[in-house]
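Welcome! Here is a short tour of how some helices meet in this structure, followed by a look at two single residues.

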Amino acid sequence: MSTETTTPPSNGLDRRHILLGLSGMSVAAVSTAASAKPQGTDDGYPVTYHRSKTVDGIKIFYREAGPKDAPVVLLLHGFPTSSHMFRNLIPALADRYHVIAPDYPGYGQSDMPPRESFKYTFDRFGELVDGLLDQLAVKRYAMYVMDYGAPVGWRLALKHPERVSGLIVQNGNAYDEGLKEFWNPIKQYWADGSATSRQALMKLLTLETTKFQYTDGMSDVARISPDNWVHDQALLDRPGNNDVQLDMFYDYRTNLPLYPAVQAYFRKHQPPMLIVWGKNDFIFPADGAHPYKRDLPQVEFHLINSGHFLLEDRFDEVTPLIRDFLARKIA
């Protein structure tokens, strides 16, 4: 049967693995018995490297940390952010795992090629992340998927089911039940493809909406650094990026016909899965979390009193759940 809780359990996890710094600073995972300097660390503290590879002519930026021979954890970001959303989680996992967090084209520090020569689609993003993993010689990995990271990750899982060692899902959809009120204007654009419907979505690219994504439904807004929406909005405001985002809104419609195949993958392969879902999320409400239990009876299921970006205000609660899951399921 599935494991379900709406608050993180008191489970005796050693929280000394997590050093919480000031707002906006990285969080380092430490071992209480570290006697040797692990590969990829500095005096026992994980170091995050900022690198890029050229995949099919596109520069793909990625953050990387942890021992090269450790189990791989692939972190796939959502909209409107980038691998920046994992800046704290990466060092909190990298004492035991080889962590890789790429930026998609048009996001973060990856290239933003012209729309005339590059199709901004989830299919293309999946191909480029797959190509990056091939260049890094990664053949087995657990995936953390969030928001847009879910459809990117599902494409990887459908192409290489044997490579996926486990799944961590944070507000990432795979069921029709998960697309509620927020999606109505986007569904209108899917239905008619008109310039009017496209223009109506421009409000989703404003600073007001970006800040809303970080603050709505949060249990403690004081924990959330304003750097988040300042950082993301600066990238959204680059010349030409509005059209990139509108193209991605339109292409999201291609994910819905993929859901039956994704659900069949769950039923057939039964990948270990941890759900840590911000239950107050207006964009991906908890209606989309519960259906996973239909196809994955052993799913470990946690609804967290948070919103869309729960790592920002509930990092100290969620990270022990993630570390415990990975230690039991993929280490």
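Helices α3 and α9 cross in a left-handed way. This is a predicted model, so please read every value below as computed from it. Helix α3 covers residues 149-159 and helix α9 covers residues 259-269; their axes come within 10 Å and cross at roughly 55°. That angle lies outside the 65 to 115 degree range for roughly perpendicular and is not under 35 degrees, so α3 counts as oblique to α9.

Which residues of α3 and α9 meet? On the α3 side they are Trp-154, Ala-157 and Leu-158, and on the α9 side Ala-261, Val-262, Tyr-265 and Phe-266. Sorted by character, the contact of α3 with α9 has seven nonpolar residues, no polar ones and no charged ones.

A second pair to look at is α6 and α7. Helix α6 runs over residues 207-215 and helix α7 over residues 227-236, and the two pack with axes 9 Å apart at an angle of about 140°. Only angles over 145 degrees count as roughly antiparallel, and α6 and α7 are therefore oblique to each other. Their crossing is right-handed. From α6, the contact draws on Leu-207, Thr-210, Lys-211, Tyr-214 and Thr-215, while α7 brings Asn-228, Trp-229, Asp-232, Gln-233 and Leu-236. Here the residues divide into four nonpolar, four polar and two charged.

The two pairs can be set side by side:

| Helix pair | Axis distance | Angle |
|---|---|---|
| α3 and α9 | within 10 Å | roughly 55° |
| α6 and α7 | 9 Å | about 140° |

Now for the single residues. Ala-261, already met in the contact with α3, sits in helix α9. Is Ala-261 buried or partly exposed? Its relative accessibility is 35%, so Ala-261 counts as partly exposed. Ala-174 lies 87 residues away from Ala-261 along the chain, and the C-alpha atoms of the two are separated by 9.8 Å.

Asp-251 belongs to helix α8, which spans residues 241-251. With a relative accessibility of 11%, Asp-251 counts as buried, because buried means under 20%. Which residues does Asp-251 touch, leaving aside its neighbours within four places in sequence? Asp-251 is in contact with Tyr-120, Thr-121 and Phe-122. For Phe-122, the C-alpha atom is separated from that of Asp-251 by 7.0 Å, although the two residues are 129 residues apart along the chain.

Technical notes
Residues numbered from 1 in each chain as written. Predicted model: local features only at pLDDT ≥ 70, side-chain atom pairs only at ≥ 80, totals over all residues. Heavy atoms only, no water. Axes fitted to C-alpha atoms, helices over the stretch in contact; angles between N-to-C directions. Helix = DSSP H or I, 4+ residues; strand = E, 2+ residues; numbered from the N terminus. Left-handed = near helix turned anticlockwise from the far one by under 90°. Contact = heavy atoms within 4.5 Å. Nonpolar A, V, L, I, M, F, W, Y, C, P; charged D, E, K, R; others polar. Buried < 20%, exposed > 50% of the residue type's maximum accessible area, 1.4 Å probe, protein only.
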